Amino acid sequence: MRGNVEAHLVVAPGSLAAVLDLIAAMPGEWTPIAGGTEIMVAHAAGRPVAEKLVSIWGIPELRFIEDRSESIAIGAATTFSDLRAHAAIDGDWPLLSAASAWIGCVANQSRATVGGNVVNGSPAADSSPAFLVYDAEIELVSSRGSRRMPYAAFHTGYKQNAMAPDELLYAIHLPRRFARHRQYLRKVGTRRAMAIAKVALAATALLENGQISEIRVAAASLAPFPTRMLQVETALLGQPINSITIRSARAALLAEARPIDDIRSTAEYRRQVAANLLQEFLIKLRTGDTSK
Amino acid sequence: MNAPWTTVRFNLNGEACAVNAPPIKRLLDVLREDLRLTGTKEGCGEGECGSCSVRMNGELVNSCLVPVIQAEGATLQTVEGLATNGELHPLQKAFLACGGAQCGICTPGMLMAAAQLLAVNPHPNIAEIREGLAGNLCRCTGFMRIFESVVQTAANEGASIEERPAHAR
């Protein structure tokens, strides 16, 4: 049954400072709402939605993409349409551009925000694997100040994260140092648009003198939250790519993955497909295939 | 809790408009119930089917997912805003000519998604048309006549439908 529209207070203070003051006065009481692609769906379905919502839509201080030469800063309320349209993102962080293009459809991408995707913390979040393999940093802000942390440390459990009750996600920072890396991202879903990932795998790696000198692998829908696959990385670091290392990397992934059975897929399917995606990436890495 | 209602002002199909409503009320319901513009349809009510698509500030949105408070100051276009001075929009004419509409529930959303696509890309190839309409479901036509309607609109508007690779957009 649909939620009651009379039961929710929604305010739109209009500036970042006013939002932070509001949250600071009653930490944990106010839930931010940006494009509504999560909260409005939950409300329509009659699932629990916070009584007090503070709108962060339409606040220019939170919707920006700022190129800082060594890195790029993406404001929390930046939409996936904004990301798709940004030439530097497409050029230097193409996995993020690709992930943005397969989130829902045009009408979702124009409303869904980077901050919403990250804070919501779905295990299947489309943008998260790309952020993880680009070593993203999260910038949190509150009326007390701001702090930064590695995105890899942000999720702490299913739909849980490292934010304090008075904090708001302010921006995501991506270092610009992946020009030489081979990059990979593939999502497996039921159709190209409007599908939530059964499983997705992202990777960035450097191959030098026939050996993997740097590698990051991250996955969606293989754990209670989007996560780096550290055992897979360890199994591959410093190794050449051959049938033996591919086999050991697959084994590491199968040991590390913690997928579940749900309405979209089964744990076993997710494990096997993820291992196949990893193998596909490694073969592309070895052969120098640059197609995405 | 009975939350206070809020007054929201926006420009709707070229006219200034003000409504008083609960702030989380869906833009879809405000359009249909408060403003009696029933062209915009509800399908799934959860952003999956595109029936409620409208244009907001030059972007396509699902009006079922927009709490009306976020429409404050917005420029909105619904299917009622496509025809001008009693003359159908070229997309509407093409949907008629090509059989792009059958039962009609998806049609307003399809028209708005197609209008959005042609506004940002007047010369879409077929892959771009499919992507532009990917969030709009039709259970009657099988989609081909809808795609053909968009192709014909672009052609009639002096655009040549070129096959271009997606990365050249």
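This section describes the architecture of chain B, the packing of two of its helices, a buried helix of chain A and the contact between the two chains, all in a predicted model.

Chain B contains five helices and five strands, and these elements follow one another along the sequence in the pattern β-β-α-β-β-β-α-α-α-α. Taken along the principal axes, the C-alpha atoms of chain B fill a box of roughly 55 × 35 × 30 Å. The radius of gyration of chain B is 16 Å, which agrees with the value near 15 Å that a compact globule of 169 residues would have. Of the 169 residues in chain B, 47% are buried. Among the contacts in chain B with a separation of 6 or more, 58% are accounted for by residues 24 or more positions apart.

Within chain B, the pairing of helix H2 (residues 90-98) with helix H3 (residues 107-120) was examined in further detail. The axes of these two helices of chain B come within 10 Å and cross at roughly 125°. Because angles from 65 to 115 degrees count as roughly perpendicular and those over 145 as roughly antiparallel, this crossing makes H2(B) oblique to H3(B). The crossing in which H2(B) passes H3(B) is right-handed. On the side of H2(B), the contact is made by B:Leu91, B:Gln92 and B:Phe95, and on the side of H3(B) by B:Thr107, B:Leu111, B:Ala114 and B:Ala115. Divided by character, the residues of this contact of H2(B) with H3(B) comprise five nonpolar and two polar residues, with no charged residue.

In chain A, helix H5 (residues 94-101) has a set of buried residues, namely A:Leu95, A:Leu96, A:Ser97, A:Ala99 and A:Ser100. The buried residues of H5(A) pack against both helices and strands of chain A: the helical partners are helix H3 (80-84), helix H4 (87-92), helix H6 (106-109) and helix H8 (128-133), while the strand partners are strand S11 (182-188) and strand S12 (199-208).

Between the chains, 31 residues of chain A are in contact with 29 residues of chain B. On the side of chain A that touches chain B, the elements that give two or more residues are strand S1 (9-11), helix H2 (39-44), strand S3 (52-55) and H6 of chain A. The element that gives the most to this side is H2(A), with four residues. The residues of the side of chain A that touches chain B divide into 17 nonpolar, 10 polar and four charged. Helix H6 of chain A thus appears in two settings, among the partners of the buried residues of H5(A) and among the elements on the side of chain A that touches chain B.

Conventions: Residues are numbered from 1 along each chain as its sequence is written. Chains are lettered from A and ligands numbered from 1 in the order in which they are written. This is a predicted model: local features need pLDDT of at least 70, side-chain atom pairs count only at pLDDT 80 or more; totals for chains, interfaces and linings use all residues. Axes are lines fitted to C-alpha atoms, for helices over the stretch in contact, and angles run from 0 to 180 degrees between N-to-C directions. Angles under 35 degrees count as roughly parallel, over 145 as roughly antiparallel, 65 to 115 as roughly perpendicular and the rest as oblique. A crossing is left-handed if the near helix is turned anticlockwise from the far one by less than a right angle, and right-handed if clockwise. Two residues are in contact if their C-beta atoms, placed from the backbone, lie within 7 Å. Ala, Val, Leu, Ile, Met, Phe, Trp, Tyr, Cys and Pro count as nonpolar, Asp, Glu, Lys and Arg as charged, and the others, Gly among them, as polar. A residue is buried if 20 or more other C-beta atoms lie within 10 Å of its own, exposed if 12 or fewer, and partly exposed in between; C-beta atoms are placed from the backbone. The radius of gyration is taken over C-alpha atoms; the globule rule is 2.2 Å times the number of residues to the power 0.38.
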